[in-house]
Amino acid sequence: MPVILAADDLAPSETVQLDKSKILGFITEGGSGSSHTAILARTMGIPAIIGVGDQLKPEYEGREVIVDGGTGNVVVDADEATKARLMAKREELLKRQKLLEQLKGKENITRDGQKIKVFCNIGNPEDVPVVLSNDGGGIGLFRSEFLYLNCSDYPTEDYQFEAYKKVLSDMDGREVVIRTLDIGADKQIDYFDMPKEENPALGNRALRICLNRPEIFKTQLRALYRASAFGKLGIMFPMVTSVWEVKEARKMCELVKKELTEEGKPFADDVQIGIMIETPAAAVMSDRLAKLVDFFSCGTNDLTQYTLACDRQNNDLGRFFNPHHPAVLRLLKMVCDNAHRNGVWVGICGELGADLELTETFLSIGIDELSVSPRSVLPLRQKILETTVSDVKEKILADLLGDENAL
Ligand code: PEP
Ligand code: MG
């Protein structure tokens with residue numbers, strides 16, 4: 001029987017292995033809304049209340065529980081009136097979702113004709129059907145590390161090739177951006193045998209591991225280039241801070257292409273190379289980084305964490321962890337301007353991309369693509385269709401760049 005899973009915490013490595021058909025919802029004591037467990041739950045479309053602290057009591061085990069993912073409320077042994085109210089709310093929500101279905105097949109275009117791509121974030125090849133059923137235009141972020149989290153040893157080149165090939169083939173010619181391995185911080189994998197760190201979010205993670213352990217990086221890049229023959233691939237590097245890192249990563253791409261050519265293995269010649277902008281250093285250096293890549297994708301989860309010096313895992317930081325902070329938004333504008341000056345497209349793949357309060361801002365600063373969890377595609381399309389950018393742009397930019405009292 002499906003259950004609501006309550007736990008002190010759920011590591012991403014545990015969450016990816018859960019049988020989704022048996023889970024109605026999650027409740028965890030630890031974690032936060034931008035932790036990877038919350039992100040995974042969003043992709044799976046499972047209501048999750050993350051970070052309830054010591055409110056979770058052992059005596060709730062086996063009792064009837066209602067989880068309201070909209071408000072973050074958990075009701076134990078609801079009385080009949082509460083049950084009826086929450087069920088009516090659920091019906092209302094389902095009705096609204098049904099109405100949104102009318103937007104399938106429509107363009108993502110504002111009232112005054114500005115277009116923006118709406119793509120999806122996924123964690124494994126099985127997520128593709130839900131991307132297609134929600135009319136996602138492509139995949140803007142495939143978190144490839146979830147493949148690694150699902151394995152008990154380093155995934156081989158062939159294993160990875162099959163997974164990437166499946167996503168590219170199933171997306172049938174639509175763009176697919178696959179991020180190279182981004183482990184470290186909350187995504188720990190035993191077989192990597194990484195030394196324990198005092199500050200893992202500032203430690204050996206993502207591209208840093210790949211550049212220090214080229215055999216792992218090369219295996220993944222070989223699998224990616226081989227898969228590129230089956231669709232429209234973009235490869236993206238996470239946690240960039242310096243120009244030299246991108247140059248070194250690109251060198252590895254060249255080496256892989258040379259090897260595959262010598263081996264007579266086919267790969268596409270139009271693979272785009274991009275980087276995540278998720279550190280303030282990358283945002284500030286985006287004028288130079290733009291000269292090295294085809295696209296930027298802004299990881300606002302980490303960009304918020306590093307810009308505001310606020311741990312994204314820590315639910316107690318409350319109002320200090322504010323992704324709407326003008327410092328974050330100004331960096332996004334700077335990245336957009338530097339990208340466009342250099343003919344590079346720019347997207348947002350952090351959770352902020354689906355935040356409808358900021359859609360007008362993203363359109364005003366000229367973001368080209370928003371990559372969101374599949375179920376956020378249609379609500380976002382509705383917001384885009386209702387927006388007239390020319391009505392709001394001037395004020396939004398003045399607020400963003402004007403005097404400090406404006407925001
Ligand atoms: C981000 O940091 O915004 C991002 C998209 O990557 P992740 O959440 O996996 O760190
Ligand atoms: Mg990140």
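**Figure 1. Two domains make up the assigned fold of this predicted model.** The domain assignment gives domain 1 (3-99) and domain 2 (107-406); such bounds come from an automatic or database domain assignment. The centres of domain 1 and domain 2, taken over C-alpha atoms, are 27 Å apart. At the boundary, 18 residues of domain 1 are in contact with 20 residues of domain 2, contact meaning heavy atoms within 4.5 Å. This is a predicted model, in which local features need pLDDT of at least 70, side-chain atom pairs count only at pLDDT 80 or more, and totals for chains, interfaces and linings use all residues. Residues are numbered from 1 along each chain as its sequence is written, chains are lettered from A and ligands numbered from 1 in the order in which they are written, and side-chain values use heavy atoms, with hydrogens and water left out.

**Figure 2. The largest nonpolar core has 98 residues.** A nonpolar core is a set of buried Ala, Val, Leu, Ile, Met, Phe, Trp, Tyr and Cys residues joined through side-chain atoms within 4.5 Å. Buried means under 20% relative accessible area, exposed over 50%, and partly exposed in between (1.4 Å probe, protein chains only). Phe 237 and Phe 296 have the most contacts inside this core. The core draws at least three residues from each of domain 1 (3-99) and domain 2 (107-406). Apart from it lies another core, of seven residues, among them Leu 141, Val 177, Met 276 and Phe 295. Beyond four places in sequence, Phe 237 touches residues including Thr 180, Leu 207, Phe 217, Leu 221 and Met 276.

**Figure 3. Aromatic pairs join separate stretches of chain.** The whole structure contains nine aromatic pairs. Rings of Phe, Tyr and Trp (its six-membered ring) pair if their centres lie within 6.5 Å; planes under 30 degrees apart count as stacked, over 60 as edge-to-face and the rest as tilted. Phe 217 and Phe 237 pair edge-to-face, at 5.8 Å centre to centre and 70 degrees between the planes. Phe 217 sits in helix 8 (residues 214-227) and Phe 237 in strand 9 (residues 232-237), so the pair ties together parts 20 residues apart in sequence. Helices (H or I, at least four residues) and strands (E, at least two) are DSSP runs, numbered from the N terminus. Both Phe 217 and Phe 237 are buried. Tyr 225 and Phe 267 are also edge-to-face, because their ring centres are 6.0 Å apart and their planes at 85 degrees. Tyr 225 belongs to helix 8, while Phe 267 is in the loop between helix 9 (243-263) and strand 10, 42 residues apart. Tyr 225 is buried at 2% relative accessibility; Phe 267 is partly exposed at 24%. Elsewhere, ring pairs link Tyr 148, Tyr 154, Tyr 191 and Phe 192 into a cluster.

**Figure 4. Glu 278 and Asp 302 are the protein donors of the magnesium ion (ligand 2).** Glu 278 (OE) and Asp 302 (OD) lie 2.1 Å from the ion. Donors are N, O and S atoms within 2.8 Å of the metal (3.2 Å for Na, K and Ca); water is not among the atoms, so sites may look incomplete. Glu 278 is in the loop between strand 10 (272-277) and helix 10 (280-284), and Asp 302 is in helix 12 (residues 300-308), 24 residues apart. Both Glu 278 and Asp 302 are buried.

**Figure 5. The cysteines form zero disulfides.** A disulfide is a pair of cysteine sulfur atoms within 2.5 Å. The sulfur of Cys 210 is 11 Å from the closest cysteine sulfur, in Cys 253, too far for a bond. Cys 349 is in no disulfide either; the nearest cysteine sulfur, that of Cys 298, is 7.8 Å away. Cys 210 is buried, at 1% relative accessible area, and Cys 349 is buried at 1%.

**Figure 6. Three loop residues, Gly 33, Asp 172 and Ala 185.** Gly 33 lies between strand 2 (23-28) and helix 2 (36-44) and is partly exposed, at 40% relative accessible area. Its C-alpha atom is 6.4 Å from that of Ile 50, 17 residues apart along the chain. Beyond four places in sequence, Gly 33 is in contact with Ala 38, Arg 42 and Asn 315. Most residues other than glycine have a negative phi. Asp 172 has a positive phi of about 50 degrees; this residue lies between helix 6 (157-170) and strand 8 (175-179) and is exposed, at 64%. Ala 185 has a positive phi near 55 degrees; this residue lies between strand 8 and helix 7 (207-212) and is buried, at 19%.
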